[in-house]
Every structure is written in structure tokens, then in C-alpha cells.
Amino acid sequence: AKITYVDNDGTERVVEATNGESVMEAAVKNGIPGIDADCGGACACATCHVYVDKAFMDKVGEQQEMEKSMLDFAENVQENSRLSCQITVSDALDGLRVTTPESQH
Ligand code: FES
């Protein structure tokens with residue numbers, strides 16, 4: 001699935017992500033700035049915080065409890081905030097756009 005990562009200054013980077021990996025893993029593999037993923041995907045750091053394109057909010061799935069409580073530690077949380085390590089890439093997410101928060105740049 002193609003995923004577009006948008007910087008806080010509007011720079012777009014398109015990545016071809018593999019089904020089954022997380023949106024965070026696809027970003028790290030491709031050197032996307034703004035997604036540090038300090039904990040390596042364990043839902044324990046909140047440095048993989050992204051804003052999900054509103055059109056995809058129903059496709060990325062529900063937040064689990066652990067993600068909800070970790071997002072409390074993220075800065076500038078919005079209603080479309082998610083931890084990208086908790087979103088699994090699938091064909092349904094083709095064309096997904098996520099924006100990285102300014103605080104992670
Ligand atoms: Fe640490 Fe997602 S990589 S919470």
C-alpha cells in the first residue's frame with residue numbers, strides 16, 4: 001500500500017509499505033523524519049505519534065487501551081491522533097496520508 005507521510009512544513013514523502021508491517025516500521029525503514037519510534041513499536045514511547053487523514057480514520061482501526069494511555073504523553077493530541085506503530089498496513093490503507101507533529105521534528 002502506498003502511504004504518504006507529510007512533514008509539519010508540508011513536505012510529502014510517498015512510501016510503498018508492505019502489508020502486515022506497521023505504519024511506523026514503513027517510515028523508519030524509509031528514513032522518514034519525524035517518526036523516532038524510540039521504543040521500537042512497543043507502544044511505550046509516543047514518539048511515533050501521527051495525525052491520520054480524516055478520510056482514513058474509520059479504516060485504521062480502533063485504538064487499544066495501551067495506545068490511548070500512551071497518547072496522553074504525546075504533545076498536541078488531536079482527535080485524529082494515533083501511534084503509527086499501532087496501525088497495521090493493509091490493502092485497505094492504500095493512499096493513506098499521515099502528518100507528523102511539529103514537536104517530533
Ligand atoms: Fe513507541 Fe510507537 S514506537 S509508541
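1. Which pattern does the protein chain follow when read along the sequence? In this predicted model, the order of elements from start to end is β-β-α-β-α-β-β, and the chain accordingly has two helices and five strands.

2. On overall dimensions, the radius of gyration of the protein chain is 12 Å, which is close to the 13 Å that the globule rule gives for 105 residues, so the chain is as compact as a globular protein of that length. Taken along the principal axes, the box that the C-alpha atoms fill is roughly 30 × 25 × 25 Å.

3. The five strands come together in an open sheet, where their order is β2-β1-β5-β3-β4 and the pairing is mixed. At the edges stand β2 (12-16) and β4 (81-83), each of which pairs on one side only, and from one strand to the next the twist averages 35°. As background for reading the sheet, strands pair through backbone hydrogen bonds, and they may do so in either the parallel or the antiparallel sense.

4. One pairing within this sheet deserves a separate look: strand β3, covering residues 49-52, and strand β5, covering residues 96-99, run antiparallel to each other and are joined over two bridges. For orientation in the viewer, Val 52 can be found opposite Val 98, which belongs to β5.

5. Turning to packing, buried residues make up 30% of the 105 residues in the protein chain. Among contacts in the chain with a separation of 6 or more, 68% are accounted for by residues that lie 24 or more positions apart.

Key: Residues numbered from 1 in each chain as written. Predicted model: local features only at pLDDT ≥ 70, side-chain atom pairs only at ≥ 80, totals over all residues. Pairing = 2+ DSSP bridges. Helix = DSSP H or I, 4+ residues; strand = E, 2+ residues; numbered from the N terminus. Axes fitted to C-alpha atoms, helices over the stretch in contact; angles between N-to-C directions. Rg over C-alpha atoms; globule rule 2.2 N^0.38 Å. Buried ≥ 20, exposed ≤ 12 C-beta atoms within 10 Å, placed from the backbone. Contact = placed C-beta atoms within 7 Å.
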